[in-house]
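Reader: Before I rely on any label for this protein, I would like to see how each one is reached. Please set the values beside the definitions as we go.

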Amino acid sequence: SLVPGGRIVSTGVESGGGFVVLASRPNGSMVLHIETGPGGGWKSLPAPPRGTATVAVEPGGVVAALAVARTRFTDWRLDVPTGTWSMVGTITVPIQLGSSS
């Protein structure tokens with residue numbers, strides 16, 4: 001549930017018609033919840049890696065998180081049975097900071 005002062009950061013749709021919600025708490029920590037299909041009930045998942053900006057549920061129920069740190073994007077996958085996040089890859093995007101063109 002969303003606590004007072006918390007905010008929704010990202011939402012997504014699960015292949016069975018459910019939802020995934022990433023929310024922040026007032027202290028800056030993140031919480032992740034998933035509802036697997038209509039009437040499936042909400043389940044808390046392990047907190048995503050630091051810097052997570054969005055989450056998605058891929059076909060087969062794979063939970064992915066995209067973390068951002070300035071110009072570096074990191075792709076993470078959740079191993080639901082063990083509750084651990086594993087880094088899949090990173091990419092640095094060259095962005096000329098301070099430019100509006």
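Author: A good place to begin is the hairpin of β5 and β6, which has five residues between the strands and in which Gly60 takes a positive phi near 90 degrees. This is a predicted model, in which local features need pLDDT of at least 70 and side-chain atom pairs count only at pLDDT 80 or more, while totals for chains, interfaces and linings use all residues. Residues are numbered from 1 along each chain as its sequence is written, and side-chain values use heavy atoms, with hydrogens and water left out.

Reader: What makes β5 and β6 a pair of strands?

Author: Strands are DSSP runs of E with at least two residues, and helices are runs of H or I with at least four, both numbered from the N terminus. Two strands pair if DSSP finds at least two bridges between them. Strand β5 (residues 52-57) and strand β6 (residues 63-69) have five bridges in the antiparallel sense, so they meet the criterion of at least two. Val55, for example, has Ala65 in β6 as its bridge partner.

Reader: How many helices and strands does the protein have?

Author: The protein has zero helices and eight strands, and the order from the N terminus is β-β-β-β-β-β-β-β.

Reader: Why is Arg77 called partly exposed?

Author: Buried means under 20% relative accessible area and exposed over 50%, with partly exposed in between, using a 1.4 Å probe and protein chains only. Arg77, which is found in strand β7 (residues 72-79), has a relative accessible area of 22%, and therefore counts as partly exposed. Asp75 at 24% is partly exposed, and Glu58 at 26% also counts as partly exposed.

Reader: Why does Trp42 count as exposed?

Author: Trp42 has 53% relative accessibility and so counts as exposed; this residue is found in strand β4 (residues 42-45).

Reader: How do you know that Glu58 forms a salt bridge with Arg77?

Author: A salt bridge is a side-chain nitrogen of Lys or Arg within 4 Å of a carboxyl oxygen of Asp or Glu. In the pair of Glu58 and Arg77 the closest N and O atoms are 2.9 Å apart, so the pair satisfies the limit of 4 Å. Glu58 lies in the loop between β5 and β6 and Arg77 in strand β7, so the pair ties together parts that are 19 residues apart in sequence.

Reader: What joins Glu58, Asp75 and Arg77 into one network?

Author: Arg77 also forms a salt bridge with Asp75, with the closest N and O atoms 2.3 Å apart. Salt bridges that share partners join Glu58, Asp75 and Arg77 into one network, and a search of the whole structure finds two salt bridges.

Reader: Which residues is Arg77 in contact with, leaving aside its neighbours within four places in sequence?

Author: Contact means heavy atoms within 4.5 Å, and Arg77 is in contact with residues including Glu58, Val62, Thr84 and Trp85.

Reader: How much of the protein is buried?

Author: Buried residues make up 30% of the 101 residues in the protein. Of the contacts with a separation of 6 or more, 16% are between residues 24 or more positions apart. The C-alpha atoms fill a box of roughly 50 × 35 × 25 Å, taken along the principal axes.
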